Amino acid sequence: MQLVVFLLVFPFLWIISILPYRLFYAFSDFVFFLVYHVVGYRKEVVLNNLKLVFPNKDKEELLGIRKSFYHHMCDMFLEMVKTMALSKEKVKQRYHVTNIELLQKISRKKSILVVCSHYANWEWNVSINNYIDAKGYAVYQKIGNPYFDRLVKRIRAKWNTTPITTNETPKTVLYNERRNVRSVYGMVSDQSPMAQRAHYWSDFMGIKVPVYNGAEALARKLDLAVVFLKVSKVKRGNYEAEFIPITLSGGETKENEITEQFLRLTEQQIRDKPDYYLWTHRRWKHRDKVPAEFK
């Protein structure tokens, strides 16, 4: 059945990926109409999230952010599909890195964890590997359908990136470090872990939430550099990326220092332009389960 689903869906995805940009974004507008006005996908979830983190904004402003977010969300997910037919030259035109020399300089001395959030377009972040000499890895959640999982890995591999699952990451990093293989690992680090498995809780947008700190654990154990990837949406279909160093020596940081800096940088990004964050995610669903030691 998984193969049947893949065979039915793949041709449709391919057609979308090769559409000229004018038609591509016209189709995105149509998808927005269906998702927002007809289906109403998670509209209440989004509004409740916005009310939680922006208590001082009035309802009219929150509704405006919500509508703008859905426009962006449709663009962004279709841009993920567009990646199937996107060449290195084309992605460089639409995803511009302002200070790639910083990453190049650091990677000559140390392996780097590049951390980012579900903001703007995180799928095209893997194109950064077109600019660096170090071996590049993209950490991702394995897809249940093995045929789509292989498709995603094949797409990312064309940009000199090796996809690895979250479970494969620690042993991959350790293996490379023991062999002195300088590498760059990209990971989206703002997911919500299961409350009972969380080792650390912190304020995020003013609300206490469980936080993944796996990136920090690796950085401190193996003395890796950690860099925040700030991605801004310049205009429709065009993004600008900037690297912001969190630490050049993870082994010298205090406990939770890296995690806290990541959270604060992500917050700043969201507050500057909230429309481009992934508000459909139930990021604050565990706010009533905070352990006593973190209250």
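This report walks through side-chain pairings, a surface patch and a few chosen residues in a predicted model.

## Aromatic rings

Let us start with the rings. A pair of aromatic rings is described by the distance of the centres and the angle of the planes. The structure holds 22 aromatic pairs. One of them joins Phe204 and Tyr277 in an edge-to-face arrangement, with 6.5 Å from centre to centre and 65 degrees between the planes. This pair links distant parts of the chain: Phe204 sits in strand β6 (residues 200-204), while Tyr277 belongs to the segment after α10 (257-272), and the two are 73 residues apart.

Are these two rings buried or exposed? Phe204 has a relative accessible area of 1%, so it counts as buried. Tyr277 is buried as well, at 2% relative accessibility. Both rings also belong to one aromatic cluster, made up of Phe54, Phe204, Tyr277, Trp279 and Trp284.

Phe204 turns up again when we look at helix α10. Thr266 is found in that helix and is buried, with a relative accessible area of 0%. Leaving out residues up to four places away in sequence, Thr266 touches Ser117, Phe204 and Phe228.

Elsewhere, a lysine meets two rings. Lys82 lies over the face of Tyr21, at 4.5 Å from the ring centre. Lys82 also lies over the face of Phe24, here at 5.2 Å from the ring centre.

## Salt bridges

Side chains of opposite charge can pair when their charged atoms come close. The structure holds 10 salt bridges, and the table sets out three of them.

| Salt bridge | N to O distance | Relative accessible area, acidic residue | Relative accessible area, basic residue |
|---|---|---|---|
| Asp75 and Arg236 | 2.7 Å | Asp75: 3% | Arg236: 35% |
| Asp203 and Lys208 | 3.6 Å | Asp203: 35% | Lys208: 24% |
| Arg264 and Glu267 | 2.8 Å | Glu267: 10% | Arg264: 32% |

What does the salt bridge between Asp75 and Arg236 tie together? Asp75 lies in helix α4 (residues 59-82) and Arg236 in the loop between β8 (225-235) and β9 (238-247), so the bridge ties together parts that are 161 residues apart in sequence. Asp75 is buried, whereas Arg236 is partly exposed. The two also take part in a network of salt bridges that links Asp29, Asp75, Lys233 and Arg236.

The salt bridge of Arg264 and Glu267 is a local one by sequence: these residues are three apart in helix α10, which means that about one helical turn separates them. Here Glu267 is buried and Arg264 is partly exposed. In the salt bridge of Asp203 and Lys208, Asp203 counts as partly exposed, and so does Lys208.

## A nonpolar patch on the surface

Which residues make the nonpolar surface patch? Phe30, Phe33, Leu34, Val38, Val39 and Tyr41 form it together, and the patch covers about 580 Å². Among them, Leu34 is placed in helix α2 (residues 21-39). With a relative accessibility of 32%, Leu34 counts as partly exposed.

## Three more residues to visit

Asn130 has its place in the loop between β2 (112-116) and β3 (135-140). This loop residue is buried, with a relative accessible area of 16%. Apart from neighbours within four places in sequence, Asn130 is in contact with Lys88, Val91, Lys92, Trp159 and Asn160.

His286 is found in the segment after α10 and, at 10% relative accessibility, counts as buried. Not counting residues up to four places away in sequence, His286 touches Ser192, Pro193, Met194, Ala195, Trp201 and Pro210. His286 and Gly64, with their positions 222 residues apart in the numbering, are 26 Å apart from C-alpha to C-alpha.

Our last stop is Arg108, in the loop between α6 (100-107) and β2. Arg108 is exposed, with a relative accessible area of 62%. Ser183 is 75 residues away from Arg108 in sequence, and their C-alpha atoms are 9.3 Å apart in space.

How values were computed. Residues numbered from 1 in each chain as written. Predicted model: local features only at pLDDT ≥ 70, side-chain atom pairs only at ≥ 80, totals over all residues. Heavy atoms only, no water. Phe/Tyr/Trp six-rings, centres within 6.5 Å; stacked < 30°, edge-to-face > 60°. Helix = DSSP H or I, 4+ residues; strand = E, 2+ residues; numbered from the N terminus. Buried < 20%, exposed > 50% of the residue type's maximum accessible area, 1.4 Å probe, protein only. Lys NZ or Arg CZ within 6 Å of the ring centre and 35° of its normal. Patch = residues over 30% accessible without salt bridge, like charges linked within 9 Å, V, L, I, M, F, W, Y side chains within 5 Å. Areas by Shrake-Rupley, 256 points an atom, 1.4 Å probe, with all protein chains shown as cover. Salt bridge = Lys/Arg side-chain N within 4 Å of Asp/Glu carboxyl O. Contact = heavy atoms within 4.5 Å.
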